[in-house]
Amino acid sequence: MPIVPDAHATPAPSRAPRVQRVAVIAAPPVSMFNLAIPEMLFGKVEIDGGPGYETVICAPDPGPVTTTGGLDLLVPHGLDAVDAADTVVLAGSGSYTDPDPRILDVLRRAAAAGKRIASICTGAFALAEAGLLDGRAATTYWAYREQLADRHPAVDLQDDVLFVQDGPLLTSSGYAAGIDLCLHVIRTDHGAAVANTVARLALVAPVRPGGQTQFTQTPLPPERGISFADTRAWAMRHLDEPLTLTDLARHAGTSVRTLSRRFHAETGVSPLQWLLHQRVERAKELLETTSLGMEQVARASGLGTGDSLRQHLLRRTGLTPSAYRSSFSRLTAPVQSQGPYGTGPRPAAS
């Protein structure tokens with residue numbers, strides 16, 4: 001079932017029982033930024049005092065690998081690293097229209113073995129060329145969307161989203177959306193508290209919903225315009241209160257109409273959509289890190305009632321609040337997983 005995370009029910013999250021191995025494929029000329037994202041984020045995951053992931057960068061020909069910036073990177077590992085990995089990440093490359101046949105072969109082998117496979121930016125072209133995206137939902141950087149659609153019409157391309165997951169296959173749009181994809185993987189494996197901790201350590205935004213738009217109409221507000229960063233920060237401190245559009249507009253010193261228009265331009269979502277996402281994330285963290293009752297969690301996160309908490313959590317994770325806590329509580333032993341992308345048995349529903 002195609003998934004735009006946080007827009008539809010996602011695969012049941014699960015806590016990884018051991019260090020997961022991630023192989024990042026560098027197809028020359030590789031994007032240095034794309035290549036750095038998985039190592040930076042997965043390398044910051046710590047579970048019970050130890051690393052959560054082991055990240056290895058590999059290439060068809062070990063040794064110097066050219067980059068899109070004209071530099072050479074020394075990559076000591078060959079594609080055999082993929083065979084030992086749980087998750088495979090294909091970084092964007094300048095040779096996206098002519099992928100190395102060896103990379104296509106190793107991707108097909110990884111898919112046949114049931115590994116989780118993700119791409120950043122133009123990496124989706126190699127997944128499509130390998131036949132792995134036929135009939136599946138996928139995305140890529142908006143500037144290359146039409147080209148991917150023309151070359152691979154069997155792919156169910158999702159317009160203007162940050163990233164999308166269809167079973168064990170994940171694709172993201174360009175550049176910073178790779179950060180969102182990796183944080184989504186971390187959240188799926190280890191929960192919202194761990195993912196948000198990694199985001200803070202890396203000085204990046206917390207996990208954003210996959211359905212958020214790839215670009216906004218006004219990425220930077222005009223010199224005389226209005227930015228709602230302070231209002232968003234204020235709202236985060238008051239999530240347990242019944243905030244309305246009027247409350248947000250009053251804090252921002254503007255009208256509700258201007259707030260709605262400019263807020264969407266800055267974030268890609270409406271103020272109320274953003275507020276709901278933050279409240280669900282807060283509820284997840286409370287379920288993971290406290291022993292508060294469900295009604296208390298609902299009130300503290302601003303979701304109101306236990307029934308509302310249950311409804312929103314089921315929609316976004318496929319788990320009830322008690323099942324989510326059973327999977328991810330930092331206060332109890334982890335639930336064992338049978339697969340690298342949340343396909344292990346779910347805890348009993350409450």
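Which residue just after α12 takes a positive phi? Select Gly318: its phi is about 80°. The model is predicted, and the tour starts at this helix.

**Helix α12**

Select residues 306-317, which make up α12. At 1.5 Å a residue, the twelve residues should span 16 Å, and the end C-alpha atoms are 16 Å apart, so the expected and modelled spans agree. Now colour the buried residues of this helix: Gly306, Ser308, Leu309, His312, Leu313, Arg316 and Thr317. Because they cover an arc of only 155° around the axis, they lie on the same side of α12. Show the surroundings of that side, and the packing partners appear: α10 (271-289), α11 (294-301) and α13 (321-328). Turn to the face directed away from the buried side to find Asp307 and Gln311, both exposed.

**The largest nonpolar core**

Next, go to the largest nonpolar core, a set of 35 residues. Select Leu41, Phe42, Val45, Tyr53, Leu181 and Ile186, the members with the most contacts inside this core. Strand β2 (20-25) and helices α1 (32-42), α5 (177-190) and α6 (192-201) each supply at least two of its residues. Which of the elements gives the largest share? Helix α5 does, with seven residues.

Centre the view on Phe42. Leaving aside residues up to four places away in sequence, Phe42 touches Val22, Tyr53, Thr55, Cys182, Val185 and Ile186.

A second core, separate from the one just visited, has 31 residues. To locate this second core, select Tyr96, Ala110, Leu132 and Leu148, which are among its members.

**Salt bridges**

The structure contains eleven salt bridges. The stops below take in some of them.

- Select Asp105 and Arg108. Their side chains meet in a salt bridge with an N to O distance of 3.2 Å. Both belong to helix α2 (residues 101-112), and because they are three residues apart, about one helical turn separates them. Asp105 is partly exposed at 43% relative accessibility, and Arg108 is also partly exposed, at 35%.
- Select Asp159 and Arg145. The closest N and O atoms of this salt bridge are 2.3 Å apart. Asp159 is in the loop between β11 (156-157) and β12 (163-166), while Arg145 is in helix α4 (residues 145-151), so the pair ties together parts 14 residues apart in sequence. Arg145 counts as partly exposed, with 26% relative accessibility.
- Select Glu266 and Arg232. Here the closest N and O atoms of the salt bridge are 3.0 Å apart. Glu266 sits in helix α9 (residues 256-267) and Arg232 in helix α7 (residues 229-237), so this pair ties together parts that are 34 residues apart in sequence. Are these two residues buried or exposed? Glu266 and Arg232 are both buried.
- Select Asp61, Asp100 and Arg102. These residues are linked in a network of salt bridges.

**The β6 and β7 hairpin**

For the last stop, select strand β6 (residues 63-66) and strand β7 (residues 72-75). The two strands pair in the antiparallel sense, over four bridges. Pick Gly63 and look across to Val75, its bridge partner in β7. Then move to the five residues between the strands of this hairpin, and check the backbone of Gly70, which takes a positive phi near 90°.

Notes
Residues are numbered from 1 along each chain as its sequence is written. This is a predicted model: local features need pLDDT of at least 70, side-chain atom pairs count only at pLDDT 80 or more; totals for chains, interfaces and linings use all residues. Side-chain values use heavy atoms; hydrogens and water are left out. A nonpolar core is a set of buried Ala, Val, Leu, Ile, Met, Phe, Trp, Tyr and Cys residues joined through side-chain atoms within 4.5 Å. Buried means under 20% relative accessible area, exposed over 50%, partly exposed in between (1.4 Å probe, protein chains only). Contact means heavy atoms within 4.5 Å. A salt bridge is a side-chain nitrogen of Lys or Arg within 4 Å of a carboxyl oxygen of Asp or Glu. Two strands pair if DSSP finds at least two bridges between them. The expected span of a helix is 1.5 Å times one less than its number of residues. The arc is that of the directions from the helix axis to the C-beta atoms.
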